[in-house]
Amino acid sequence: MSENPKKLNLKQRYKLLTRGLDWETTYQPMDKVFPFDTFEGIKIHDWDGWEDPFRLTMDAYWKYQAEKERKLYAVIDSFAQNNGHMGITDARYVNAIKILLTGVTSLEYAAHRGFSHVGRHLRGVGPRVACQMQAIDELRHAQTQIHTLSHYNRYFDGFHDWRHMYDRVWYLSVPKSFFDDAMTAGPFEFVTAISFSFEYVLTNLLFVPFMSGAAYNGDMATVTFGFSAQSDEARHMTLGLEVIKFMLEQDEANVPIVQRWIDKWFWRGYRLLSLVAMMMDYMLPKRVMSWAEAWEMYYEDAGAALFEDLERYGLRPPKYADIATKEKNRLSHEVWSIFYNYTHAAAFHTWSPEDNELDWLSEKYPDTFDKMYRPRFDYWREQAAAGNRFYNQALPQLCTTCQIPMGFTEPDDPTKICFRESVFKHERYHFCSDGCKDIFDWEPEKYVQSWLPVHEIFKGNCGGTDLKDVLKWYHLNDGVDNMDYEGSPDQRLWAEWTANRSKAAE
Amino acid sequence: MTRNVTITFQNTEEARPIIEAIEADNQNATAVVMPAMVKIDCPGRLIINRVTVEEKIGRDWDLQELHLSLISLAGNVDEDDDRIIIAWGS
């Protein structure tokens, strides 16, 4: 380090960026200018106690973000120029990124809105700057995902109206309701939910092994935006950890409030990631690691280290984390089964796994797969081959909290569906788990307002009562975007390409 | 037991000298290569020194260039102009 007295060091530069920019208001009381940062009960005595560990100043931020963009767009360009979509392992893979575009991209945009809001409403300037930078990152993530995946939209079905679908399609209410829940909470709960529980504790499971899987399957465009976004996430994770430590250090009375949020948002996030479990175990033709292995690496090991570190503040690991660990050998199989049942109403395809894929699952899940799931898939495959591909014609009961169809099983009995219920103001509400029931019971007034897709169909709010009417209302092209991969336009197109390729090779 | 801290990089030309510098300065670090990425685990504490990276690449290197190839990390971060430390415990 050069000892140039005129040159500020990193700590000084960061301090100049984040201190002394604000002022005590005089025309209006501070509580009226910042009306949302006290009602949750979080007590802050010294906002300057906030220390961002990555002391990124604005000039450095723009410089490095611009560099990331240049690299990413160079990859996107060359992917398009070289017909990168033809180099992927198999067109079934594309269905995983249909879920990514329809489910995750809108969450990035929601995160942009959420952090802009919080970046206005926390009265300390340090966290405000951090939230504003993150808001810009999240907008970048939404944009780069849209740009990257627009290439696939030229060739494959189901990508055409992701924004519209996000507000309407039944399974997309799972991510949407998750984020709406966070955005309608107070600012401290929002950052605990998104920055800590979701980004620090859980998103590694989405953006790290799944993106590595994208690379393994020849999708260089997706892996590049994935890792480009993830390079920001690493910064967001440090923000998440900082916000927790900041609240806990400020006042002991904050501890139980933060603990309850961690319990809630761990479970909310874990349920949301069950979609990722399915993507990893069933939708990558070449697999990097199983959901169970990823859970062990990113939750059981990394999470244990994290919560051991947070013990000194009086925090314990999230409630029901043990249940999530119990579910690791069944989660992806249960969720894939739900989607196999309802593929006629989804904007992506499902299929019967091939023999080598079933063998991989048997190997990765030695205690559960052959016993409980393989016979089911064999049977479905036989039926499909005989012309009886099964589509469930009854609408499923949904969990009022996570909004996933009630297909999860009892923690100690994976052969029995788990049902929980609560009565509130003479109405009965249903849940997939104790975790989801607890969340409802704490704030029933909030969750009785949930927009549950199945209820709304029955209420006549989704275009009609017939499946065809509902699909039209979803902007889903019936017979094209939905149904089994076998016989889909995607499959025919892929078969044509690969036939041409082997012809050219002769 | 000492828990691992971890840091994960893209498996790129740009990240390679950083990974090499970490391996040189942290004897207990182990690097696992996965498709498109490298995950480094180290018990308790891990340091990235600016000077070591500069020696590997033969030019000035700003520690914040790290952000260009970083994917993920676990541990408490402490950064100044010369080094980044990732550690569990205070």
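What follows is a conversation between a biologist and a modeller about a predicted model.

Biologist: Before we start, what should I keep in mind about the numbering and the model?

Modeller: Residues count from 1 along each chain as its sequence is written, while chains are lettered from A and ligands numbered from 1 in the order in which they are written. Because the model is predicted, local features need pLDDT of at least 70 and side-chain atom pairs count only at pLDDT 80 or more, whereas totals for chains, interfaces and linings use all residues.

Biologist: Thanks! What makes A:Trp494 buried or exposed?

Modeller: A residue is buried if 20 or more other C-beta atoms, placed from the backbone, lie within 10 Å of its own, exposed if 12 or fewer, and partly exposed in between. A:Trp494 has 21 other C-beta atoms within 10 Å, so A:Trp494 is buried. You will find A:Trp494 in helix α23 (residues 489-505) of chain A. A:Trp494 also lies 7.9 Å from A:Asp90, C-alpha to C-alpha, although the two are 404 residues apart in sequence.

Biologist: And how do you know that the length of helix α12 of chain A is as expected?

Modeller: Helices here are DSSP runs (H or I, at least four residues), strands are runs of E of at least two, and both are numbered from the N terminus. The expected span is 1.5 Å times one less than the number of residues. For the 19 residues of α12(A) (residues 254-272) that gives 27 Å, and the end C-alpha atoms are 27 Å apart, so the two agree. As for cover, 14 of the 19 residues of α12(A) are buried.

Biologist: What makes a group of residues a nonpolar core, and which residues touch the most other members of the largest one?

Modeller: Such a core is a set of buried Ala, Val, Leu, Ile, Met, Phe, Trp, Tyr and Cys residues joined through C-beta atoms within 7 Å. The largest has 169 residues, and A:Leu273, A:Leu275, A:Val276, A:Met278 and A:Met279 touch the most other members. Helix α11 (residues 220-250) of chain A gives the most to this core, with 13 residues. Contact means C-beta atoms, placed from the backbone, within 7 Å. Leaving aside neighbours within four places in sequence, A:Leu273 is in contact with A:Leu202, A:Leu205 and A:Leu206.

Biologist: Turning to chain B, why are β4 and β7 called paired?

Modeller: Two strands pair if DSSP finds at least two bridges between them. β4(B) and β7(B) (residues 83-87) are antiparallel and joined by five bridges, so they meet that definition. One of the bridges sets B:Arg45 against B:Ala87. Four bridges link β6(B) to β7(B), also in the antiparallel sense, and a hairpin through three residues joins them. There B:Asn76 has B:Ala87 as its bridge partner, and B:Val77 stands opposite B:Ile86.

Biologist: What makes β4 and β6 of chain B edge strands?

Modeller: Each pairs on one side only, in an open antiparallel sheet of three strands with the order β4-β7-β6.

Biologist: How do you know that the side chains of β4 of chain B alternate?

Modeller: Look along residues 45-49: B:Leu46 and B:Ile48 point to one face and are buried, while B:Arg45, B:Ile47 and B:Asn49 point to the other and are not. β7(B) alternates too, with B:Ile84 and B:Ile86 buried on one face and B:Arg83, B:Ile85 and B:Ala87, which are not buried, on the other.

Biologist: Which strands form the sheet of four, and what packs on it?

Modeller: The order is β2-β3-β1-β5 in chain B, an open sheet with antiparallel pairing. β2(B) and β3(B) (residues 37-43) share five bridges, with B:Val33 partnered by B:Val38. Helix α1 (residues 16-25) of chain B packs on the sheet, touching β1, β2 and β3 of chain B. From the other chain, α11(A) lies across β1 and β5 of chain B.

Biologist: Finally, what makes up the contact between the chains?

Modeller: Chain B supplies 26 residues and chain A 35. On the chain B side, β5(B) gives the most, with five residues. That side has eleven nonpolar, nine polar and six charged residues, where Ala, Val, Leu, Ile, Met, Phe, Trp, Tyr, Cys and Pro count as nonpolar, Asp, Glu, Lys and Arg as charged, and the others, Gly among them, as polar.

How values were computed
Two residues are in contact if their C-beta atoms, placed from the backbone, lie within 7 Å. Axes are lines fitted to C-alpha atoms, for helices over the stretch in contact, and angles run from 0 to 180 degrees between N-to-C directions.
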